[in-house]
Amino acid sequence: LGVDAVIIPGTDPHQSEYISGHWKLRDWVSGFTGSNGTAVVTLDQAGLWTDSRYFLQAAAQLESSGFDLHKEDVPGEATVNEWLASNLHDGAVLAVDGYLFSIAQAAALEELCGRNGLRFASDFAIADRVWTDGRPSRPEGKIYVHDEKYAGESATSKMQRVLAEVEKADADSIFIPSFDEIAWTLNLRGGDVEFTPVFISYLYLSNETKVLFVDDVKLDSGVKGYLKSIGVEVKPYDDVRNFLSRISTGETIMLDPSKVSDTLGRALDCIKVYSVSPIAMLKAVKNDVQLAGTRKAMERDGAALVRLFMWLEENAKTGKYSELDVWKKGIEFRG
């Protein structure tokens, strides 16, 4: 396809750090499974960049893979961008899947290409071409309502507060790709990502229209009824690009350039206001119910930890137990 180099990040279309197996193309290509790492493949070379947490793991997993390990934040080691500038010839095409790069990241790469005589393509959906066998499907776990007695505030109130911040920025609407922000705003939870109660989705909010883009299989009748009651329409997850492309050219939409993907940013033909998402600050301020819940959780966890310490004092000297046994005991004491 005339591409000279492709960058494969270890993220998903929502710029997540921890992702579902469906988007672990970097893992599949290189064999490296750490949470942080970026792969680069050219016509005759391949490299994997990661930080010091994963140097030993990466060295073992990349052995005989054809990938060279490049260490991030180490003096004398070239960054991804420096390496690309040095190893690609004038006029070479650097391609990425624009869904996996934020607006800000893609702009930086485009600038890099402009400075070094390279061409940039952000529509190279490489996973769809090469990962045709054994690719995991998107998770289909059920979404559930996070009751207001635990959240301390209704979703309707939260959406009003978000839109008030949007109005302050002279925007009409906001597009939200971040799982944690969607879960907080709608008082919903899920299980699509390990260790995090979130679900794969997008959210569009304006005073007139509120749309959650999500796979229908995740929603039971109770959640559908709940969404209807708070005025949120449901559309298929894969309809998001088409929806954004049809937004009126006169509308002003707020986008966080570090979170919205380049592909979806380019789909918009309206006025864009780039700003840090206001939801991050709103959800950082905890209400009384959340504070009480945190204290209660700390009490329960503290009691479990004391029990674990007591068990360790009694049993460590026997030499019968491994770190794995201690971990299992910790889970047991937490109930």
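Salt bridges, then. A search of the whole structure finds 18 of them. Keep in mind that this is a predicted model. I will go through three of the pairs, and then turn to a nonpolar patch on the surface.

Start with Lys218 and Asp192. Their side chains meet in a salt bridge, with 2.6 Å from N to O. Where do Lys218 and Asp192 lie? Lys218 is in the loop between strand E11, residues 210-213, and helix H9, residues 221-229. Asp192 is in the loop between strand E9, residues 188-189, and strand E10, residues 202-206. The two are 26 residues apart in sequence, so the pair ties together parts that are separated along the chain.

Now, is Lys218 buried or exposed? Its relative accessibility is 0%, so Lys218 counts as buried. Asp192 is at 6% relative accessibility, and Asp192 therefore counts as buried too. The cut-off for buried is under 20% relative accessible area.

Next, Asp51 and Arg53. These form a salt bridge in which the closest N and O atoms are 2.8 Å apart. Look at each partner in turn. Asp51 has a relative accessible area of 12%, so Asp51 is buried. Arg53 is at 52% relative accessibility and counts as exposed, because exposed means over 50%. In this pair, then, a buried residue is joined to an exposed one.

The third pair is Arg266 and Asp262. Here the closest N and O atoms of the salt bridge are 2.6 Å apart. Which element holds Arg266 and Asp262? Both lie in helix H11, which covers residues 262-267. They are four residues apart, and that is about one turn of the helix.

On accessibility, Asp262 is at 6% and counts as buried. Arg266 has a relative accessible area of 47%, so Arg266 is partly exposed. This pair also has company: Glu110, Asp262 and Arg266 are linked in a network of salt bridges.

Last, the surface patch. Which residues make the nonpolar surface patch of about 340 Å²? They are Leu324, Trp327 and Ile331. Take Trp327 as the example. Trp327 sits in helix H14, residues 323-334. With a relative accessible area of 53%, Trp327 is exposed. Patches are made of residues with over 30% relative accessible area, so the 53% of Trp327 passes that cut-off.

To recap the charged part: Lys218 and Asp192 form a salt bridge, as do Asp51 and Arg53, while Arg266 and Asp262 belong to a network with Glu110.

Methods:
Residues are numbered from 1 along each chain as its sequence is written. This is a predicted model: local features need pLDDT of at least 70, side-chain atom pairs count only at pLDDT 80 or more; totals for chains, interfaces and linings use all residues. Side-chain values use heavy atoms; hydrogens and water are left out. Patches are made of residues with over 30% relative accessible area and no salt bridge: like charges are joined within 9 Å, nonpolar side chains (Val, Leu, Ile, Met, Phe, Trp, Tyr) within 5 Å. Accessible areas come from the Shrake-Rupley method with a 1.4 Å probe; for residues, only the protein chains shown count as cover. A salt bridge is a side-chain nitrogen of Lys or Arg within 4 Å of a carboxyl oxygen of Asp or Glu. Buried means under 20% relative accessible area, exposed over 50%, partly exposed in between (1.4 Å probe, protein chains only).
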